[in-house]
Amino acid sequence: MTPRFSSAWLPCIFLSCFSAQTSQNSRVLRGSGRVRLKSYSGDRRSLALPWEGIAHAALGGLLRSCALRPSGCWSFSAQGELPGSSASESLQEKLTDQVMQSPQVLAALQERLENVSHTPSSYIETLPKAVKRRIDALKQLQVKCAHIEAKFYEEVHDLERKYAALYQPLFDKRRDFVTGDVEPTDAESEWPSENEEEERLAGDLKSKVVIAEKEASADEPNPKGIPEFWFTIFRNVDMLSELVQEYDEPILKHLQDIKVKFSDPGQPMSFSLEFHFEPNDYFTNSVLTKTYKMKSEPDTTDPFSFEGPEIVDCEGCTIEWKKGKNVTVKTIKKKQKHKGRGTVRTVTKQVPNDSFFNFFSPIKVSGDGESLDEDSEFTLASDFEIGHFFRERIVPRAVLYFTGEAIEDDDNFEEGEEGEEEELEGEEEGEEDDDAENDPKRESGQPAECKQQ
């Protein structure tokens with residue numbers, strides 16, 4: 001039984017036939033009414049067809065591949081032509097004109113064309129072989145550029161190593177001030193005051209205030225160095241505080257210094273983080289290390305993806321925990337029932353526990369090419385980000401993260417960008433309002449558009 005034609009089917013039938021017709025004749029289908037056609041002789045041409053022309057062309061294919069019976073039913077003919085000659089052509093034109101009046105057909109056609117995207121690769125496919133050959137030559141040059149760029153970053157790494165040696169005496173003195181092994185001189189402690197009221201004091205009044213402050217400070221406790229310096233940094237930086245558990249805090253209070261060490265000349269590119277701890281009740285290690293291995297060469301399978309050195313793997317260290325002090329595991333008790341006798345026994349076992357010190361037992365990147373699961377990839381990516389943040393931000397600018405100034409600078413920068421966006425949006429809204437006021441066609445009783453907050 002042949003299905004009876006219904007106007008509800010029209011968009012589906014139309015798009016189906018339109019797709020079949022254009023798949024035979026078109027090379028690239030563009031938006032805005034542009035269709036790139038390939039003639040049967042092999043020549044390519046780009047035609048700007050109006051919507052009506054496109055629809056007529058598509059409907060022509062539809063009507064040539066379908067037959068209209070006197071009963072009003074549609075069926076596909078084996079020959080792909082309508083019965084008759086001039087009468088059928090006239091009927092075809094009339095049906096085409098009628099279908100063109102259907103909003104459903106026009107809307108469906110427009111949506112179909114708008115969804116067809118033009119990609120650069122589709123354009124490249126239309127170029128002559130001689131041009132493609134030259135493009136391949138350009139890609140060869142691009143690969144050579146990538147290798148030169150890799151050499152550039154290797155020399156940058158050498159410069160980082162050189163200047164790290166210049167920074168280190170300053171970082172060593174910072175450690176001495178923090179631990180209290182060395183007391184800074186008055187000249188070393190001099191820093192402009194941010195208190196404007198104090199700066200306005202002059203003469204004898206200022207001298208009296210200074211004397212009073214010295215007398216008051218004599219009664220204050222004078223702890224050694226700067227207590228909990230690195231632990232405070234962990235607490236101030238969100239990226240690190242999220243990793244720290246309550247039972248990690250007493251251990252981190254024993255952290256005295258963090259150092260960055262670069263790989264030696266001639267060695268594969270890498271850097272290590274050294275966490276120096278004072279003697280404590282938790283582990284016997286004086287230094288915990290984390291090494292990040294880096295790669296600075298284009299991938300042979302995808303050389304164009306090279307954008308500079310990247311961390312590709314990392315290695316931790318073994319923490320020598322004292323008995324009962326390992327915070328990376330927890331002991332749980334579980335009851336087990338014997339299937340035969342029905343007796344119940346309690347067993348204890350250790351399971352992994354959330355802790356910052358899991359940082360030193362990272363996920364190992366598989367060397368045999370096996371891919372990690374999604375959770376492992378996310379964990380490893382986060383690990384790489386944290387290691388990079390220690391190297392680039394925390395260690396070089398530790399005092400500013402201790403005081404919070406570096407964090408405020410980062411926040412202000414982000415807020416400034418958001419503020420610019422909001423300001424621009426406000427200007428656009430203002431322009432729209434001006435246009436609305438100057439539009440004489442707008443009815444005074446029309447309600448203003450509501451915006452969701």
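How much area does the protein expose, and what share of it do carbon and sulfur atoms supply? I looked this up before anything else: the protein exposes about 31,800 Å², and carbon and sulfur atoms supply 50% of that area. A note to self: this is a predicted model.

**Entry: the overall layout**

I went through the secondary structure and found 15 helices and 11 strands. Of the 453 residues in the protein, 27% are buried. I also checked the contacts with a separation of 6 or more, and 57% of them join residues 24 or more positions apart.

**Entry: helix α10 and the residue before it**

I turned to helix α10, which spans residues 229–236. This helix is mostly covered, with 6 of its 8 residues buried. The buried ones are Phe-229, Trp-230, Phe-231, Thr-232, Ile-233 and Phe-234.

Glu-228 caught my eye next, in the loop between α9 (203–219) and α10. Its phi is near 55 degrees, a positive value in a residue other than glycine. For context, I reminded myself that most residues other than glycine have a negative phi. Is Glu-228 buried or partly exposed? Glu-228 has a relative accessible area of 33%, so I put it down as partly exposed.

**Entry: salt bridges**

How many salt bridges does the structure hold? I noted 13.

Glu-228 turned up again here, as its side chain meets that of Lys-253 in a salt bridge at 3.7 Å, N to O. The pair links distant parts of the chain, 25 residues apart: Glu-228 is in the loop between α9 and α10, and Lys-253 is in the loop between α12 (249–252) and β6 (255–262). Lys-253 is partly exposed, with a relative accessible area of 38%.

I then followed Glu-274, which forms a salt bridge with Lys-261, the closest N and O atoms being 3.6 Å apart. This pair also links distant parts of the chain, with Glu-274 in strand β7 (residues 270–277) and Lys-261 in strand β6, 13 residues apart. Glu-274 counts as buried because its relative accessibility is 16%, under the 20% cut-off. Lys-261, at 36%, counts as partly exposed.

A third bridge joins the side chains of Glu-392 and Arg-391 at 3.1 Å, N to O. Glu-392 is partly exposed at 34% relative accessible area, whereas Arg-391 is buried at 9%. I also wrote down a network in which salt bridges that share partners join Lys-293, Asp-313, Glu-315 and Lys-364.

**Entry: His-157**

I found His-157 in helix α6, residues 129–179. Its relative accessible area is 3%, so I marked His-157 as buried. Which residues is His-157 in contact with, leaving aside its neighbours within four places in sequence? I listed Phe-262, Ser-263, Met-269 and Ser-270. I looked up Ser-296 as well: its C-alpha atom is separated from that of His-157 by 9.9 Å, and the two residues are 139 apart along the chain.

**Entry: Ser-355**

Ser-355 lies in the loop between β11 (344–352) and α13 (374–394). It counts as buried, at 9% relative accessibility. Leaving aside neighbours within four places in sequence, I noted contacts of Ser-355 with Leu-243, Gln-245, Tyr-247, Asp-248, Val-327 and Thr-328.

**Entry: a charged patch**

Last, I looked at the surface charge. Glu-297, Asp-299, Asp-302 and Glu-310 form a negative surface patch. I placed Glu-297 in the loop between β8 (287–295) and β9 (310–315).

Terms used. Residues numbered from 1 in each chain as written. Predicted model: local features only at pLDDT ≥ 70, side-chain atom pairs only at ≥ 80, totals over all residues. Heavy atoms only, no water. Patch = residues over 30% accessible without salt bridge, like charges linked within 9 Å, V, L, I, M, F, W, Y side chains within 5 Å. Areas by Shrake-Rupley, 256 points an atom, 1.4 Å probe, with all protein chains shown as cover. Salt bridge = Lys/Arg side-chain N within 4 Å of Asp/Glu carboxyl O. Lys, Arg positive; Asp, Glu negative; His and termini not counted. Charge placed at Lys NZ, Arg CZ, Asp CG, Glu CD. Helix = DSSP H or I, 4+ residues; strand = E, 2+ residues; numbered from the N terminus. Buried < 20%, exposed > 50% of the residue type's maximum accessible area, 1.4 Å probe, protein only. Contact = heavy atoms within 4.5 Å.
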